[in-house]
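Reader: I'd like to go through the cross-links and charge pairs in this one. Can you put it up so we can talk it over?

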Amino acid sequence: MLFRSADQNQLNGVTCISGRDCWAVGDYTNRAGAYVNAAFHWDGTKWTLVPTPNSHGTAKGEENVLDSVVCNSKSDCLAVGYGRTSSGQYVPEALHWTGTAWATAPTPRPGRTGSHGFSYLEGLTCSSASECWAAGGYNKGLGYDNAIVHWNGSSWTQVTTPDPGRRVGGSELTSVSCASPTSCWAVGFYYTKNAELNEALLWNGKRWRRAATPEPNHAAYAHILRGIACASAVKCWAVGYLYSKPGLSLGQQLLLWNGKKWAVP
């Protein structure tokens, strides 16, 4: 989850339909001290801030944050992220651009409720206007589970996924990419008793299933995958980082899917 720093503006995601039609999303701090959604549009000459809903409030301490944006056409874009309600609960957030305005597109809210509730969406991809996926995580207790929701062109629904770290500390997804409606990948990480390891899930058109991934440095305490892009069903790149202990980085990692397995190139 891309937590933001206090009293700062930031952009987290960008997409383009053409050289004269691009969107960048993130958030900024308003005068009251709330984090509010930011959606900027590029028309080929300049960037313009476009009004967006802030369904989780605009008073001090309330949050509305957009992490990713994807457009299927000039009049059809989606943006996802998270919000913090007045009760202190973190919940997923999604907006839909219809060509004239951004509107709230309600998402499922899995996990706990109240001040201990925590769920978010971070990655977003579309293979068509009626085939979009958003990925993140949520808590069901002390640990976390993967969160994946599907957009059918009009509404979001939650879809079941494997959760390899469920019994220990949880699993979380950070990015998702589709080569076609029957070939999508979601990546992130999961917890074991002694480490955090790479996670990769494959959508085959019917269900999400876990795929084995290498751990490039076995001395690392954590392997975290942060992004994925698929050029086809047989070629995807996943990127991330690793560290030996919390706060101490060991560098980057890069994995390649060749249609049969993930490997370090």
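Reader: Let's start with Cys71 and Cys77: buried or exposed?
Author: Keep in mind that this is a predicted model. A residue counts as buried when its relative accessible area is under 20%. Cys71 falls in that class, and Cys77 does too, so the answer for the pair is buried.

Reader: And what is the handedness of the disulfide between Cys71 and Cys77?
Author: The two sulfur atoms sit 2.0 Å apart, and the pair forms a disulfide. The torsion about the S-S bond of Cys71 and Cys77 is about 100°, so the link is right-handed.

Reader: What about Cys126 and Cys132, what is the torsion about their S-S bond?
Author: Cys126 and Cys132 are joined by a disulfide with an S to S distance of 2.0 Å. Both cysteines are buried. The disulfide is right-handed, as the torsion about its S-S bond is about 110°.

Reader: Cys16 is bonded to Cys22; which of the two cysteines counts as partly exposed?
Author: The disulfide joins them at 2.1 Å, S to S, and with 105° about the S-S bond it is right-handed. Cys22 has a relative accessibility of 6%, which makes it buried. The other partner comes out at 48%, between the 20% and 50% cut-offs. So the partly exposed one is Cys16.

Reader: Zooming out, what pattern do the disulfides of the protein follow?
Author: A search of the whole structure turns up five disulfides. Counting the bonded cysteines along the chain, the pattern reads 1-2, 3-4, 5-6, 7-8, 9-10.

Reader: Now the charges: how many salt bridges does a search of the whole structure find?
Author: Side chains of opposite charge can pair when their charged atoms come close. One such pair is Lys46 and Asp43, which form a salt bridge. Over the whole structure, the search gives three.

Reader: How far apart in sequence are the parts that Lys74 and Asp21 tie together?
Author: The side chains of Lys74 and Asp21 meet in a salt bridge, 3.6 Å from N to O. Lys74 is in the loop between strand E5 (63–73) and strand E6 (76–84), while Asp21 belongs to strand E2 (residues 21–29), so the parts tied together are separated in sequence by 53 residues.

Reader: Which residue of the Lys74 and Asp21 salt bridge is buried?
Author: Lys74 has a relative accessible area of 58%, and that is exposed. Its partner in the salt bridge has a relative accessibility of 4%. That is under the 20% cut-off, so the buried residue is Asp21.

Reader: How far apart are the closest N and O atoms of Lys46 and Asp43?
Author: Lys46 counts as partly exposed, at 46% relative accessibility. Asp43 is partly exposed as well, at 32%. In their salt bridge, the closest N and O atoms are separated by 3.3 Å.

Reader: Last one: which strands hold Arg226 and Glu122?
Author: The side chains of Arg226 and Glu122 meet in a salt bridge with an N to O distance of 2.7 Å. The pair ties together parts that are 104 residues apart in sequence. Arg226 is partly exposed at 27% relative accessibility, whereas Glu122 is buried at 3%. Arg226 lies in strand E17 (residues 222–232), and Glu122 in strand E9 (residues 119–128).

Definitions and conventions:
Residues numbered from 1 in each chain as written. Predicted model: local features only at pLDDT ≥ 70, side-chain atom pairs only at ≥ 80, totals over all residues. Heavy atoms only, no water. Helix = DSSP H or I, 4+ residues; strand = E, 2+ residues; numbered from the N terminus. Buried < 20%, exposed > 50% of the residue type's maximum accessible area, 1.4 Å probe, protein only. Disulfide = S-S within 2.5 Å.
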